[in-house]
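Please open the structure in your viewer and keep the sequence panel beside it. The tour below moves from one selection to the next and says what is there at each stop.

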Amino acid sequence: MFESNIQELESFLGNMAQRTKNLRPVMGMIGEKVVTISKEAFEKEQDPISGKAWSPLSQATLKNKAKRGKTQSKKLEDSSDLKKSIDYEASNDSVEMYAG
């Protein structure tokens, strides 16, 4: 009986080891989710973790935007380049996020 349980455990651990050799698909799913959450933060203009609203644009920033013909008051979206550049790179054991 004990021998049978040990064999089952060894088989189970062997299967788990095989399944975890390539975690790239899982890391990719994590990366996609973080990118989505980050881009949603731009839309909602709030911290993606705490939900706290971003600080309002200062008068100096609003004046600077007006001088350049930018009438929208979205925060961190002067050209949308930052938001568009959010991406990730997945490997077998990690996800690296980057922007810019």
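A residue is called buried when its relative accessible area is under 20%, exposed when that value is over 50%, and partly exposed in between, with a 1.4 Å probe and protein chains only. This is a predicted model, in which local features need pLDDT of at least 70 and side-chain atom pairs count only at pLDDT 80 or more, while totals for chains, interfaces and linings use all residues. Residues are numbered from 1 along each chain as its sequence is written, and side-chain values use heavy atoms, with hydrogens and water left out.

Select glutamate 43, which is partly exposed at a relative accessible area of 48%, and then add lysine 83, which is buried at 16%. These two residues form a salt bridge, with their closest N and O atoms 2.2 Å apart; the term requires a side-chain nitrogen of Lys or Arg within 4 Å of a carboxyl oxygen of Asp or Glu. Because lysine 83 belongs to helix H4 (residues 81-85) and glutamate 43 to helix H2, the pair ties together parts that are 40 residues apart in sequence. Helices here are DSSP runs (H or I, at least four residues), numbered from the N terminus.

How many salt bridges does this rule give? The count comes to two, and the other selection to make is lysine 75 with glutamate 45, whose side chains meet at 3.1 Å, N to O. This pair links distant parts of the chain, 30 residues apart, with lysine 75 in the loop between H3 and H4 and glutamate 45 in the loop between H2 and H3. Lysine 75 is buried at 15%, and glutamate 45 is buried as well, at 14%.

Next, look for aromatic pairs, for which ring centres of Phe, Tyr and Trp (its six-membered ring) must lie within 6.5 Å, planes under 30 degrees apart counting as stacked, over 60 as edge-to-face and the rest as tilted. A search of the whole structure finds one: phenylalanine 42 and tryptophan 54, edge-to-face, at 5.6 Å centre to centre with 90° between the planes. Phenylalanine 42 lies in helix H2 and tryptophan 54 in the loop between H2 and helix H3 (59-67), 12 residues apart. Phenylalanine 42 is buried, with 6% relative accessibility.

Finally, select serine 11 in helix H1 (residues 2-19), a partly exposed residue at 41%. Measure from its C-alpha atom to that of isoleucine 49, 38 residues apart along the chain, and the separation is 40 Å.

How values were computed: Helix = DSSP H or I, 4+ residues; strand = E, 2+ residues; numbered from the N terminus.
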